[in-house]
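Reader: I would like to learn how to read a ligand site and a few backbone details in a model of this kind. Could you take me through them step by step?

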Amino acid sequence: MNTEARENAARELHEQADRMPSSLFETGELLRLIADRHIAVGGVMGEILQPHLGAGFAVLPGRRLESALHYLALGGEAPGTEDFYPCLNGGRDTEPGAAERLWPKFERLLNQKSEEISKLLEQPIQTNSPGRSDIFSWALSRGDDAPALVGPVRLLEIGASAGLAALWRSDILNEGGPRIEQRRGCDLNPIDLSQPDGRRWLKAWQAGTVAGLEKLSILDDTDWLEHMAEQAPIDQEDARTWLGKRLAEPWEGTTVVCHSFVQMYVNSEAWADIENALNERGAMATDRNPIRLIGLNSFPEPGGKARTQLRISDWVGDGVERREVFDIASGSDANPRVDPATRVVTEVPTAIPARPAAHTMPVGGQSQLRRTKPRRP
Ligand SMILES: C[S@@+](CC[C@H](N)C(=O)[O-])C[C@H]1O[C@@H](n2cnc3c(N)ncnc32)[C@H](O)[C@@H]1O
């Protein structure tokens, strides 16, 4: 690897470290140390990261590397680095200076486990942050001028991964709201929480903060995990084909489609198909059969920063999509918060002409699924 390639690799890790939210300060510091003290001076990771570099915003080589190291630590394969991770240090946030203090251990790990790390970097990104469910909960239950949800509700999550952002959360709708009668999701590579390795990856993708850790206690409840796998199945399928099929199934009540941190991984042609499926179903919506989309997505801004926005779109049968967009104010991508002052509302004509108001979706198709276990988050 020549000097220029090493410098480029180190620079890309720095750029990712700069984009990390303040809650991931120490993770950013670790990436900077890897860039400056390992890659820039000829360390093996420069070569190993090469296939993942320069490939655009969503590839996140630094995030992959950080999760690979976390994965090794969770399996007891990264001796001496445990203190860096809340999952292993008794639930403490990483202390300032920890990356520097533990650097010799990390450096040894990078050199000794380079082949394993290279394989782990191939794992598709599955950040799965339970903290994101607060946004969905807010978007479903806020009491302002948003159209009311009509029960029963079916919840369809695309790019659900392990389902912890929305699909598997019993508290996604506040008490008193309409009942969610059907939950179903899809993902190209769902994380199977019934398997120990699935649970280990889920933790590994949790960035190195305590955010969401408490919610991960559900991973110890294997009965509940099995129960949810039955109640809210996640199909292994591309959202591009899956969503159209699900939306074509009859439903009386509200259909909620949600996604978080998925759009950035889908190419624009495939995303256009997803939007078309929503528009098509939106054109058939009525006030008894409305549809709501809740989408959280991050995209690059000039200057190397990332911007995260929440979109809430409602179709209620009047031929328009009522679209609200909010900036995400603070917190990490794991624990985002909406900034209400940034709200922009637009009305977008649905691409497919709305049917006459008298048209209603066929009745039936409600799920027979019933919750039989106590609620868990
Ligand atoms: C960063 S993760 C986010 C997971 C989850 N939504 C969350 O917020 O915790 C992105 C997920 O999108 C999935 N994904 C990417 N492209 C997809 C597609 N075309 N169809 C279905 N899932 C996709 C990935 O497999 C991955 O699980």
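**Reading the ligand site**

Author: A useful start is to sort the neighbours of a ligand by class, and in this predicted model the shell around the ligand is made up of eight nonpolar, eight polar and five charged residues.

Reader: How many residues surround the ligand, and which are the closest?

Author: The ligand is surrounded by 21 residues, and the closest of them are Gln126, Asn128, Arg132, Asp187 and Ser260.

Reader: Which polar atoms of the protein should I then examine around the ligand?

Author: One looks for pairs of N or O atoms within 3.5 Å, and in this case a ligand oxygen lies 2.3 Å from an N or O atom in the side chain of Ser260, while an oxygen atom of the ligand is 2.5 Å from an N or O atom in the side chain of Arg132. The backbone takes part as well, since a polar backbone atom of Ala239 is 2.9 Å from a nitrogen atom of the ligand. As for burial, the ligand taken alone exposes 600 Å², of which the protein buries 96%.

Reader: Which pocket does the space taken by the ligand correspond to?

Author: That space is the second largest pocket, which holds about 530 Å³. Its lining comprises 29 residues, and those closest to the centre of the pocket are Ile125, Asp187, Leu188, Val262 and Tyr265. Sorted by class, this lining has 14 nonpolar, nine polar and six charged residues.

Reader: Which secondary-structure elements each supply at least two residues of that lining?

Author: Among the elements to inspect are strand 2 (180–187) and helix 12 (268–283), each of which supplies at least two lining residues of the second largest pocket.

Reader: Turning to the backbone, which peptide bond is cis?

Author: Here one reads the omega angle, and the bond from Gly151 to Pro152 is cis, with omega near -10°. Pro152 is placed in the loop that runs between helix 8 (133–141) and strand 1 (153–158). For phi, one can look at the sign, and Ser161, although not a glycine, has a positive value of about 60°; this serine is found in the loop between strand 1 and strand 2.

Reader: What polar contacts does the side chain of Glu237 make?

Author: Glu237 is located in the loop between strand 3 (234–236) and helix 11 (239–248). Its side chain is joined to that of Thr241 by a polar contact of 2.8 Å, and the side chain of Glu237 also makes a polar contact of 2.7 Å with the side chain of Lys245.

Definitions and conventions. Residues are numbered from 1 along each chain as its sequence is written. This is a predicted model: local features need pLDDT of at least 70, side-chain atom pairs count only at pLDDT 80 or more; totals for chains, interfaces and linings use all residues. Side-chain values use heavy atoms; hydrogens and water are left out. A residue is near a molecule or strand if one of its heavy atoms lies within 4 Å of it. A polar contact is a pair of N or O atoms within 3.5 Å; within protein, one must be able to donate a hydrogen and the other to accept it, and residues adjacent in sequence count only if both atoms are side-chain atoms. Accessible areas come from the Shrake-Rupley method with a 1.4 Å probe; for residues, only the protein chains shown count as cover. On a 1 Å grid over the protein atoms alone, a cavity is a set of points where a 1.4 Å probe fits but cannot get out, and a pocket is an open set with protein on both sides within 12 Å along at least five of seven lines; lining residues have an atom within 4 Å of a point. A molecule sits in a cavity or pocket if more than half of its atoms lie within 2 Å of its grid points. Ala, Val, Leu, Ile, Met, Phe, Trp, Tyr, Cys and Pro count as nonpolar, Asp, Glu, Lys and Arg as charged, and the others, Gly among them, as polar. Grid points are joined across faces, edges and corners, and a volume is the space filled by probe spheres set on the points. Helices (H or I, at least four residues) and strands (E, at least two) are DSSP runs, numbered from the N terminus.
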